[in-house]
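I opened this entry to record what I looked up, beginning with the contact between the chains. My notes follow in the order of the look-ups.

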Number of protein chains: 2
Amino acid sequence: MARTAQFSRDDFLRCAGRLIAERGPEAATTAAILNGVGAPAGSFYHRFTSRDLFLGELWLGLAERYQTEFLACLRTQGALAAALFTPRWVRDHPVEARVLLLYRKEDFASRNWSADFTRRAADLAEHLTGGLRDFAAGLGGPSPDETFQRVRFALVDVPLAAVRRHLKDNTPLAASVDDLVGTCCSALIPPA
Amino acid sequence: MARTAQFSRDDFLRCAGRLIAERGPEAATTAAILNGVGAPAGSFYHRFTSRDLFLGELWLGLAERYQTEFLACLRTQGALAAALFTPRWVRDHPVEARVLLLYRKEDFASRNWSADFTRRAADLAEHLTGGLRDFAAGLGGPSPDETFQRVRFALVDVPLAAVRRHLKDNTPLAASVDDLVGTCCSALIPPA
DNA sequence: TATCATCTAGAATATGTATTCTATTTCCAT
DNA sequence: ATGGAAATAGAATACATATTCTAGATGATA
């Protein structure tokens with residue numbers, strides 16, 4: 001009933017991911033993507049309404065997968081495991097890690113996102129703070145909000161900082177990174 | 001012997017800094033800068049050879065000032081003071097902090113830097129690692145390189161991570177940030 | 001094998017942005 | 001006063017990149 005597709009949405013997404021991992025979001029021009037996939041412009045715009053939404057799809061997909069795993073890890077294995085989740089994820093997904101963790105959301109979201117995408121991004125952020133707040137509440141302490149901020153710093157900000165330098169250099173993640181992250185985590189969230 | 005200048009290099013640099021602090025490096029288009037200063041294109045290109053070198057000058061200037069103060073603080077006041085230097089600098093220089101610490105060097109340096117600028121950037125990086133290595137050497141310990149990496153993490157990466165979330169939200173830096181940074185610093189570099 | 005929705009094809013267009021170019025103005029030293 | 005260097009002025013140009021547009025190809029189904 002119709003011509004068979006020669007390219008898939010994933011062909012474009014993967015190619016863009018590779019380009020970004022290697023040379024940054026700027027390098028993922030439509031021309032570079034089309035050239036990498038070997039497709040004409042028509043085939044790209046047949047599948048995606050614009051480059052902005054295309055990049056949004058790439059970013060949201062990665063972020064949703066990463067964050068879901070992270071929150072599951074936090075719930076089932078606790079603070080230290082969650083703090084060490086990010087270095088592990090970087091080792092397991094070197095390309096995705098560079099795309100998702102080395103650049104800023106704004107490099108992908110710049111503007112013109114659909115209501116659906118804006119919603120997905122907001123849900124994502126809300127889901128993360130929700131998970132962290134729940135965990136912080138379980139720890140007790142006098143100020144729930146102070147605890148939340150401390151937990152977020154220990155489990156999100158510090159691990160990301162530890163990992164970014166290596167992502168930037170494109171060097172394998174040293175085992176000592178886990179020590180640094182673990183030391184901070186234990187200091188910030190004393191084990192029971 | 002010549003017409004008096006209506007604009008200064010600093011007018012352009014300051015305007016670009018303001019634009020970047022408010023809306024990111026992308027917002028500092030030549031058109032936006034010219035419009036902000038109220039100058040014609042000729043006056044800009046009379047002073048700067050290109051936008052790339054112009055942004056480089058802006059970034060290098062800020063980075064050199066920030067880093068010089070940081071290293072002086074480390075030398076004279078030690079690890080904890082150096083770790084707390086960054087939050088203090090952010091409070092004292094809200095605009096400059098967003099330009100320098102919220103974005104990546106690559107957002108400014110992209111390409112086409114002169115040999116002079118490349119050299120200044122390399123010197124800067126070398127100077128920083130030098131200062132950190134010297135300090136780490138003073139701490140002793142079995143592995144100088146491991147100590148160096150730990151010091152760099154405690155005094156550079158962790159403070160930057162602590163500060164970035166607030167820079168992104170453009171919210172004043174809470175005092176609790178200093179506690180988080182201090183806790184990590186003391187755990188990573190036990191006071192003598 | 002005729003149909004037709006889907007997909008490929010890529011040239012043409014639109015847009016934003018950096019940069020150049022050719023006057024023209026201004027002011028100080030003579 | 002005036003010659004000339006430095007600065008302003010802004011229209012014109014160059015360029016990269018995203019997007020549109022029209023035509024044509026393909027292949028499962030009736």
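I first looked up the interface in this predicted model. Chain A and chain B bury about 2000 Å² between them, with 64% of it on carbon and sulfur atoms; buried area is the accessible area (1.4 Å probe) that two parts lose on being put together, summed over both. In chain A, I found that A:Phe153, A:Arg165 and A:Leu180 lose the most area to chain B, together 29% of what that side buries. I noted 18 residues of chain A in contact with 18 residues of chain B, contact meaning heavy atoms within 4.5 Å.

I then turned to salt bridges, defined as a side-chain nitrogen of Lys or Arg within 4 Å of a carboxyl oxygen of Asp or Glu. The structure holds 16 over all chains, and two are between chain A and chain B. A:Asp157 pairs with B:Arg165, the closest N and O atoms being 2.7 Å apart. Within chain A, I recorded A:Arg9 with A:Glu57 at 2.5 Å, N to O. This pair links distant parts of the chain, helix α1 (residues 9-23) and helix α4 (residues 51-77), 48 residues apart.

Next I checked the fold: chain A has ten helices and zero strands, helices being DSSP runs (H or I, at least four residues) and strands likewise (E, at least two), numbered from the N terminus. The C-alpha atoms of chain A fill a box of roughly 60 × 35 × 30 Å along the principal axes.

On method, residues are numbered from 1 along each chain as its sequence is written, and chains are lettered from A and ligands numbered from 1 in the order in which they are written. Local features need pLDDT of at least 70, side-chain atom pairs count only at pLDDT 80 or more, and totals for chains, interfaces and linings use all residues, while side-chain values use heavy atoms, with hydrogens and water left out.
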